[in-house]
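Colleague: I would like to learn how to read a model of this kind, feature by feature. Could you take me through the ligand surroundings, the domains and the backbone in turn?

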Amino acid sequence: MLRVRAPATSANLGSGFDTFGVAFDRPADVVSVEKADRTTIEVTGVGSQFIPEDPGKNTVGAVAEALDAPAHIHIDKGIRPASGLGSSAASAAAAAVALDELYDRGYTREELVPIAAEGEAVVSGDAHADNVAPSILGGFTIARDDGVTCIDANVPLVACLPEIVVSTRDARRVVPDGARLSEVVETVRNAATLTAGMARSDPELVGRGMDDPVVTPARARLIDGYDGVREAAFDAGATGVTISGAGPAMLAACRDETDSRDVALAMLDAFADAGVEARAFRTEIGDGATVL
Ligand SMILES: Nc1ncnc2c1ncn2[C@@H]1O[C@H](COP(=O)(O)OP(=O)(O)OP(=O)(O)O)[C@@H](O)[C@H]1O
Ligand SMILES: N[C@@H](CCO)C(=O)O
């Protein structure tokens, strides 16, 4: 039996829709694999009752198919599904690394990214790689169709997950079809600022680059309490606040550990004021999938 741990991730970071991603140090999924004649899947852990064990509907089934690597796959979920914390992607990332090793396929970590992204197509309709890339490689990642760039960055983050369910499929339906030139210019400016901030591990630049005039405002309407939580996080010292992935989790960048504690408490209080229960994760930018 081979076991791989793959971490939660946050995609988009505001200005990098379907492109930017960042690995957390926790929570994580752990996937165990054993060779078999056909793929079977068993799911335990957080939210497992909402996750299909049919290989045609689970992200890891698509990965096993893409690698031609049938296996008995056990997923121990540490990341709640439909969270905005890359739950479906973490299972796919862990399965890609585990099955590649189990069947000695010899792919590099970079080559496993598009294979793991096949799993995302099963749940959201698009094989977007912005969650699977950091879950496999760690750090801050820029996912393009022709490869992934990975930057080792160090910026304290807070992810605040409300007890609301938003599926990626639904959140993709509200994304506008187009953008005005002024919005494109602003997005390019912010994405470049964020990338420079990650390269320098500068939380001020990262936070400033998280603003997004196109996708985030459309999706914010799906998250009860969004405006109050965003304002509270800034008041408590966050340098930037946005939706994590497709939501409903929200992500804040912070200057240091002290700020991140204050920001986490402020976000929880603001969700409570909106009548929404939530939990917060304080994290550094972490490593990618690890064979246990
Ligand atoms: N291995 C898996 N782990 C989690 N969810 C899965 C898995 N396989 C299939 N799913 C389905 O995928 C959906 C959750 O994925 P979705 O992309 O909506 O959420 P997420 O991964 O938490 O969000 P995001 O991509 O925004 O970070 C649920 O409907 C769930 O049943
Ligand atoms: N880039 C994706 C991430 C969520 O899977 C989205 O925002 O829809």
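**Ligands, domains and backbone**

Modeller: Let us begin with the surroundings of a ligand: 25 residues surround ligand 1, and the closest are Ser87, Ser91, Thr168, Gly245 and Ala246. The elements that give two or more residues to this shell are α1 (59-66), α2 and α3, and α2 gives the most, with four residues. Please keep in mind throughout that this is a predicted model.

Colleague: How many nonpolar, polar and charged residues are in the shell around ligand 1?

Modeller: The shell around ligand 1 holds 12 nonpolar and 13 polar residues, with no charged residues.

Colleague: And where does ligand 1 lie with respect to domain 1 and domain 2?

Modeller: For such a question one looks at which domains supply the shell. Here domain 1 (2-151 + 287-291) and domain 2 (157-283) both give residues to the shell around ligand 1, so ligand 1 lies between them.

Colleague: Which residues come nearest to ligand 2?

Modeller: Ligand 2 has 13 residues around it, of which Ala11, Asp18, Thr168, Gly245 and Ala246 come nearest. Helix α5 (residues 168-173) gives the most to this shell, with three residues, and by class the shell divides into four nonpolar, six polar and three charged residues. As for the domains, the shell around ligand 2 draws at least three residues from each of domain 1 and domain 2.

Colleague: How should I read the meeting of the two domains themselves?

Modeller: In general, the size of an interface is often given as the accessible area lost when the parts come together. For this chain I can offer contacts instead: 24 residues of domain 1 are in contact with 31 residues of domain 2, while the C-alpha centres of the two domains lie 23 Å apart. On the side of domain 1 that touches domain 2, the elements giving two or more residues are β1, β2 and α3, with β2 giving the most, four residues. By class, that side of domain 1 has 10 nonpolar, 11 polar and three charged residues.

Colleague: What does the UniProt record place at residues 197-271?

Modeller: The unreviewed UniProt entry places the feature "domain: GHMP kinase C-terminal" there. Over residues 197-271 the chain is 55% helix and 11% strand, and the end C-alpha atoms are 28 Å apart.

Colleague: Turning to the backbone, which peptide bonds are cis?

Modeller: The angle to read is omega. The peptide bond from Arg26 to Pro27 is cis, with omega near -5°, and Pro27 is found in strand β2 (residues 20-35). The peptide bond from Gly247 to Pro248 is also cis, with omega near 10°, and Pro248 is found in the loop between β8 (240-243) and β9 (250-253).

Colleague: Which residues have a positive phi although they are not glycine?

Modeller: Asp18, which we met among the residues nearest ligand 2, has a positive phi of about 60°, and its place is in the loop between β1 (2-11) and β2. Asp104 has a positive phi of about 50°, and this residue is found in the loop between α2 (87-102) and α3 (109-124).

Colleague: Why is Asp18 called partly exposed, and why is Asp104 called exposed?

Modeller: The reading rests on counting other C-beta atoms within 10 Å: a residue with 20 or more is buried, one with 12 or fewer is exposed, and anything in between is partly exposed. Asp18 has 16 such neighbours, and is therefore partly exposed, whereas Asp104 has 7 and is therefore exposed.

Terms used. Residues are numbered from 1 along each chain as its sequence is written. Chains are lettered from A and ligands numbered from 1 in the order in which they are written. This is a predicted model: local features need pLDDT of at least 70, side-chain atom pairs count only at pLDDT 80 or more; totals for chains, interfaces and linings use all residues. UniProt positions are given in the numbering used here, feature names are shortened, and annotations may be inferred rather than shown by experiment. A residue is near a molecule or strand if its C-beta atom, placed from the backbone, lies within 6 Å of it. Ala, Val, Leu, Ile, Met, Phe, Trp, Tyr, Cys and Pro count as nonpolar, Asp, Glu, Lys and Arg as charged, and the others, Gly among them, as polar. Domain bounds come from an automatic or database domain assignment. Two residues are in contact if their C-beta atoms, placed from the backbone, lie within 7 Å.
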